[in-house]
Amino acid sequence: MAMEIAEAVMEVFSPSSVTDWLFTLSVVLLSVLCFFLVQKMVIKEAMRKHTPIPLLIPRETMDYFKIHDKSSSREYDIYRETRILVNAWGIGRDPKSWKDPDVFYPERFEDCEIEFYGKHFELLPFGGGKRICPGANMGVITAEFTLANLVCCFDWELPCGMKIEDLGLEEELGGITASRKTPLCLVARRCGCSCTEPM
Ligand code: HEM
């Protein structure tokens, strides 16, 4: 992918002096950086809207406490040894935290400080607290690496006769994880750049 961007930039700027080369190099580096920043936003938005583990590991309260819901002015008594199921899926789609929560809109993370590593309670795909997912970083890196390869090495098309509206986004629970209700069926064509050539 970096090579493709570099080739495109070279064509436009055709550097001839050292200054031109340095300028071209900075443009290439910036383009690659932008690609990864956009990819991070896409993964965050996918984790928000399609939280892979909708209900976190069940918790049990150690003491009695009260919850005061400001919006409805109601109070709830939570007794000791109550089993708590945190709905991470619902948290990611809460209209109080997210504008148009059912819309897939990665740009919402452009100027947003909300991270998904357990510090911000508006987004908890990896849970939080003592039982937070210890593999969160590995999970994100694997998702980034896989997505970058799929996007950079293939051109993607819909199967013949299929429209974008036909791609359902409904989820279903299978054990603790949620996945697509209908399998995703797309046609992958090799993009023809050097990254898909056999070694
Ligand atoms: C995108 C990928 C992943 C997602 C969305 C994910 C999500 C989660 C969630 C929501 C929890 C429950 C946290 C809580 O209740 O507060 C959890 C727990 C856990 N995850 Fe992950 N995880 C991912 C990848 C991984 C990987 C790659 C590993 C290991 C290499 C891993 C190992 C664990 C373990 C061991 C726990 C249990 C922690 C405990 O109970 O103390 N996860 N994960």
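Here are a few questions and answers about this predicted model. Residues are numbered from 1 along each chain as its sequence is written. Because the model is predicted, local features need pLDDT of at least 70 and side-chain atom pairs count only at pLDDT 80 or more, while totals for chains, interfaces and linings use all residues.

Q: In what pattern do the helices and strands of the protein chain follow one another?
A: Helices (H or I, at least four residues) and strands (E, at least two) are DSSP runs, numbered from the N terminus. The protein chain holds four helices and eight strands. Read along the sequence, the pattern is α-α-β-β-β-β-α-α-β-β-β-β.

Q: How far apart are the end C-alpha atoms of helix H2?
A: Helix H2 covers residues 18–49, which is 32 residues. The expected span is 1.5 Å times one less than the number of residues, so H2 should span 46 Å. The model agrees, with the end C-alpha atoms 47 Å apart.

Q: Which residues of H2 are buried?
A: A residue is buried if 20 or more other C-beta atoms, placed from the backbone, lie within 10 Å of its own. Of the 199 residues of the protein chain, 8% meet this mark. In H2 they are Lys-44, Met-47 and Arg-48.

Q: Which residues come nearest to the ligand?
A: The ligand has 16 residues around it, counted when the C-beta atom, placed from the backbone, lies within 6 Å. The nearest are Leu-56, Gly-127, Cys-133, Gly-135 and Gly-139.

Note on methods. Buried ≥ 20, exposed ≤ 12 C-beta atoms within 10 Å, placed from the backbone.
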